[in-house]
Amino acid sequence: MRKLLPLLFCLTTASAFAQTAPPPADPPLLDALGRAPSATNIERDVRTLVGFGTRHTLSDTVSATRGIGAARRWVFDEFTRISKACGGCLEVRYVSGTVQGEPRIPGPVEVVSVIAIQRGSVDPDRYVIMSGDIDSRVSDVMDATSDAPGANDNASGVAGTLEAARVLSRQRFAGSIVYAALAGEEQGLFGGKFLAEEAKRQNWRVEAVLNNDMIGNSRGIDGIHDNVTARVFSEGTRVTETAEEARARRFTGGELDSPSRNLARYIARMAAHVPNLEVMMVNRLDRFGRGGHHRPFNDLGYPAVRVMETHEHYDRQHQDLRTETDPQGQRRVYGDTIDGVDFAYAAKLTALNVVALAGMAAAPPPPAEVRIEGAVSADTTLKWKRPSPAQAANLAGYRVYWRLTTEPQWTRSRWVGDVETATLQNVVIDNYFFGVAAVAKDGSESPVVFPGAAGSFGGY
């Protein structure tokens, strides 16, 4: 996973443990997981979801064959089947809330999502989350009766989440994984809002949210066929930043190193375990002027990103099913139908989620309270807080990272061992950005944590 440039320097640490050898880089399991998701399974699930006719948030909730109610019950049953196959390893339940008085939900309407929780064996209160949006729509966002197949937007994301659960539920991890089929996205991101609020109420330590919204279209409206690239969108500065934190960031940096941004870097690095896939990191909350279900988590300060296809086809999004002739006399087909989904490509993007979730869930928690010193000095010192013995049961030690301020990815690193402070001698703080990652005994790593409030993934 690491392709890092060498740099000569001296290192001092506060513990003799720093001299121990690092664990092997990247567990072999990751390469196997990167090939595990099945395009056949994803196709079957997308076809099933399309078969409900419409999954509009305001559609039928009683029918067994049509509407949002039938769709969410099927997802619940599918998670339950997956759990049965792993001996009951998933806690499957609904998360809901009532919405009314909103422009797209006059209401009252109960917005119901489905989640499955795979509890961690070492640090179960730490969570990584993968989500897809279960609802669909046509041109009129209030049309709850017309056929709205939503094959790519977003049956592909839900199918990917189900397949990730099938693959990862065969393994055991230190931290917990949540698989979520979120409702109410097209009507105002309500499913994500309710789950994020529940996480806050229950004091979940949310390390990462990977929102998958349209992962199956490989032929864009720009005429490009690209089945080897995924986009990962991430916000810069946290929206929850205080005035005091903003002032500190102005003088120490951090605009490019929010936890969401370092989560995106982590996912991009993990793409090395997925055959024929690269990641385009997009330094923006979402597509220009648009939104997704990761945003409610960002709104509460959680690290969250959007994973999706690289070349969208806008004729296949939010459109009535129809065929028209454009001014140039060309026949144009509109609608989000099954023929627009590249299932092998969707399996690749699912695999990207799988290896990222596995890597984070297997790793120790990201370092907390990371601090940095080195002004007017030839040396740079990083300090952090070690987790509790129970949370650190799989901890081998820490790796310090740094990069030039203009580099998009971490390029230099050094294993420092099981310590709480490390000094890079003759590495001038003014010339680089720095961070720290926690490393498990099997080589799994957490995302890199940038010092200070700007980069914090939270406490223990």
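In which sense do strand E14 (residues 395-404) and E17 pair, and over how many bridges? I looked this up first, in a model that is predicted. E14 and E17 pair in the antiparallel sense, over nine bridges.

**Entry: the three-stranded sheet**

I wrote down the strand order as E15-E14-E17, in an open sheet of three strands with antiparallel pairing. At the edges stand strand E15 (412-417) and E17; each has a single partner strand, so one side of each is left without a neighbour in the sheet. On average, neighbouring strands of this sheet are turned by 25 degrees against each other, direction ignored.

I then checked the pairing on the E15 side. E14 and E15 run antiparallel and are joined by five bridges. Tyrosine 401 stands opposite serine 413 in E15. For the E17 side I noted that tryptophan 402 stands opposite phenylalanine 434 in E17.

**Entry: strand E17**

How many of the nine residues of strand E17 (residues 432-440) are buried? I found nine of the nine buried, so the strand is largely enclosed by the rest of the structure. In a regular strand, side chains alternate between the two faces of the sheet. I therefore listed the two sides of E17 separately, and both faces are covered. One side has Tyr432, Phe434, Val436, Ala438 and Ala440, all buried. The other has Phe433, Gly435, Ala437 and Val439, also all buried.

**Entry: the eight-stranded sheet**

I turned to another sheet, an open one of eight strands in the order E2-E3-E5-E4-E6-E9-E7-E8, with mixed pairing. Strand E2 (90-99) and strand E8 (278-282) stand at its edges with a single partner strand each, so one side of each lacks a neighbour in the sheet. The average turn between neighbouring strands of this sheet is 25 degrees, direction ignored.

I picked one pair from this sheet. Strand E6 (residues 205-212) and strand E9 (residues 304-309) pair in the parallel sense over four bridges. Asparagine 212 has valine 307 in E9 as its bridge partner.

Next I looked at what packs on the sheet. H4 does, touching strand E3 (109-118), strand E4 (123-133), strand E5 (175-182), E6 and E9. The direction of H4 makes about 145 degrees with that of E4. H9 packs on the sheet as well, touching E4, E5, E6, strand E7 (229-234), E8 and E9. The direction of H9 makes about 165 degrees with that of E4.

**Entry: two residues in the sheet strands**

I looked up arginine 205, which lies in strand E6. Is arginine 205 buried or exposed? Its relative accessible area is 17%, and the cut-off for buried is under 20%, so arginine 205 is buried. Leaving aside neighbours within four places in sequence, arginine 205 is in contact with Asp123, Asp125, Arg126, Tyr127, Pro365, Gln391, Gly459 and Tyr460.

I did the same for serine 234, found in strand E7. Serine 234 counts as buried, at 1% relative accessibility. Not counting residues up to four places away in sequence, I listed its contacts as Ser260, Arg261, Ala264, Val282, Asn283, Arg284, Leu285 and Val305. I also noted the separation of the C-alpha atoms of serine 234 and aspartate 379, which is 31 Å; these residues are 145 residues apart along the chain.

**Entry: helix H4 and helix H9**

At what angle do the axes of helix H4 (residues 151-168) and helix H9 (residues 343-362) cross? I found roughly 45 degrees, with the axes coming within 9 Å. H4 and H9 are therefore oblique to each other. H4 passes H9 in a right-handed crossing. From H4, the contact is made by Gly160, Glu163, Ala164, Val167 and Leu168, and from H9 by Thr350, Val354, Leu357 and Ala358. I sorted the residues of this contact into six nonpolar, two polar and one charged.

**Entry: helix H3 and helix H4**

The axes of helix H3 (residues 68-85) and H4 also come within 9 Å, and they cross at roughly 15 degrees. That makes H3 roughly parallel to H4. I recorded the crossing of H3 past H4 as right-handed. In H3, Trp74, Val75, Glu78, Phe79 and Ile82 meet Val158, Thr161, Leu162, Ala165 and Arg166 in H4. The residues of this contact divide into seven nonpolar, one polar and two charged.

Methods
Residues numbered from 1 in each chain as written. Predicted model: local features only at pLDDT ≥ 70, side-chain atom pairs only at ≥ 80, totals over all residues. Heavy atoms only, no water. Axes fitted to C-alpha atoms, helices over the stretch in contact; angles between N-to-C directions. Parallel < 35°, antiparallel > 145°, perpendicular 65-115°, else oblique. Left-handed = near helix turned anticlockwise from the far one by under 90°. Contact = heavy atoms within 4.5 Å. Nonpolar A, V, L, I, M, F, W, Y, C, P; charged D, E, K, R; others polar. Pairing = 2+ DSSP bridges. Buried < 20%, exposed > 50% of the residue type's maximum accessible area, 1.4 Å probe, protein only.
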